[in-house]
Amino acid sequence: MSQVETTIATPGGALPDRFAEVRGFSERLAAPLSAEDCGLQSMPDASPVKWHLAHTTWFFETFVLEKLPAYQEFDVSFRYLFNSYYNSVGEQFPRPKRGLMSRPSLEEVLAYRRHVDAAVAELLENGAGCDPVLADIVEIGLHHEQQHQELMLTDVKHGLSFNPLRPSYADGAFGSTTDAAPLEWLPLEEGIRWIGHDGDGFAFDNESPRHRVFCESFQIANRLVTCGEYLAFVEDGGYRRPELWLSLGWNQIGSDDWAAPLYWFEEGGRWREYTLAGAVDVDPNRPVCHVSYFEADAFARWADARLPTEAEWEAAAVETGDAGAGFVDRLVDSGYAVHPGAGGLGSQSLLGDAWQWTSSPYAPYPGYRPASGALGEYNGKFMCNQYVLRGGSCATHSTHIRPTYRNFFPAETRWQFAGIRLCR
């Protein structure tokens, strides 16, 4: 299959143009896949690509178009089939069974997208983009779709990984292989930091309100943990040493038989890993990814370090100037095969390559209140039993990344492009 074709859009572009670019990018990500690929659901936490394409369309139909008197709903059953978790909108088809929906077909879902896209485009071209309330909802919908673009890649990777042929999603270069930069510690002094979004540009509601946090002096690593460093942990018996693990993590090792990061396997006396470009040798210089919070925490303890808090991570990203443009070549729209380090090691920015686990539980900032109505279900109700990740990944788009972005997953999650940055 050919390499995924990509284009880069400017975050501040006109709303109709941005709508067309984001919607088109989803379909370009799906283009290398067959209809059978798009129907895969390999576990309850993953969804078929076909469902992602339909759900992101459902969002615009439900929250933008349905209030318009002249709009004709594409299919009334889609309101139920492609609602994710919006209880105030109505019932939902069970998430673990999304892969059982052979119908509607992929062709019908793409027709659904064309129907909704035409209606939204007409609405925006007629000046509705000047309505700040409507424009805000469309912008939320576009960032929501970019979240699902990441999920399309992580979910299809998980599904394809079970195929013994280890197929390639899209051929592409992984960039140059050079020695990883020496591990260095960037010092930050103690003091009060302002954390959270400052209101300039788009942000999700969970990135606000901006507030003060006191940080003790600390040091943060200049780069992500590499596969070679993680392999040393594996070979030192890291998965067999209970003193390194949180109790729930140790139980997870036993129940799920973990012995290495997800997608790693031994073959012919060497470590290999499954990627979206097929199976390759584990490169000791690339960032390790597909590790859970439990694994990240255990590795940090083994390395005589710890994971940063999200406030420490954000302070480092802002104060070291390490959130500059150098990260763009390590994101999904760079044109490289989707894998950490695929764009070359280059800049050691805190953004890009792999999401980074923090030690911070996902909780509301002081003074946080979710939005009213159905959109209030977007972030707030998930603030329980999850940990915050920062920094974006190789599956993140360049117009969907910023230092204040708060991703979140349960501690056992491994199928996301999640890696490790040490702190002490």
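The following exercises work through the fold, the cysteines and several single residues of one predicted protein model.

Residues are numbered from 1 along each chain as its sequence is written. In this predicted model, local features need pLDDT of at least 70 and side-chain atom pairs count only at pLDDT 80 or more, while totals for chains, interfaces and linings use all residues, and side-chain values use heavy atoms, with hydrogens and water left out.

**Exercise 1. Overall form**

Task: Find out whether the radius of gyration of the protein chain agrees or disagrees with that of a compact globule.

Solution:
- Step 1. The radius of gyration is taken over C-alpha atoms, and the globule rule is 2.2 Å times the number of residues to the power 0.38.
- Step 2. For 424 residues, the rule gives a value near 22 Å.
- Step 3. The protein chain has 21 Å, which agrees.
- Step 4. The C-alpha trace spans about 65 × 55 × 40 Å along its principal axes.

**Exercise 2. Elements and contacts**

Task: State how many helices and strands the protein chain has, and what share of its contacts join residues at least 24 apart.

Solution:
- Step 1. Helices (H or I, at least four residues) and strands (E, at least two) are DSSP runs, numbered from the N terminus.
- Step 2. The protein chain has 9 helices and 11 strands.
- Step 3. Contact means heavy atoms within 4.5 Å.
- Step 4. Among contacts between residues at least 6 apart in sequence, 79% join residues at least 24 apart.

**Exercise 3. Cysteines**

Task: Explain why C38 forms no bond with the closest cysteine sulfur, and decide whether C38 is buried or exposed.

Solution:
- Step 1. A disulfide is a pair of cysteine sulfur atoms within 2.5 Å.
- Step 2. The closest cysteine sulfur to that of C38 belongs to C394 and is 19 Å away, so it is too far for a bond.
- Step 3. The structure as a whole holds 0 disulfides.
- Step 4. Buried means under 20% relative accessible area, exposed over 50%, and partly exposed in between (1.4 Å probe, protein chains only).
- Step 5. C38 has 1% relative accessibility and therefore counts as buried, whereas C384, at 48%, is partly exposed.
- Step 6. For the whole protein chain, buried residues make up 56% of the 424 residues.

**Exercise 4. Two residues and their surroundings**

Task: Locate S84 and R270, and list their contacts beyond four places in sequence.

Solution:
- Step 1. S84 lies in the loop between α3 (78-81) and α4 (106-125).
- Step 2. The relative accessibility of S84 is 12%, so S84 counts as buried.
- Step 3. Apart from neighbours within four places in sequence, S84 is in contact with W51, H55, Q92 and R98.
- Step 4. R270 is in strand β6 (residues 270-275) and is partly exposed at 39%.
- Step 5. With neighbours within four places again left aside, R270 is in contact with F265 and D281.

**Exercise 5. Backbone angles**

Task: Give the omega values of the peptide bonds R103 to P104 and S208 to P209, then compare the burial of D257 and D353.

Solution:
- Step 1. The bond joining R103 and P104 is cis, with omega about 5 degrees; P104 sits in the loop between α3 and α4.
- Step 2. The bond from S208 to P209 is also cis, with omega near -5 degrees; P209 is in the loop between β2 (191-195) and β3 (211-215).
- Step 3. D257 has a positive phi near 60 degrees, and phi of D353 is near 75 degrees.
- Step 4. D257 counts as exposed at 66% relative accessibility, whereas D353 is buried at 6%.
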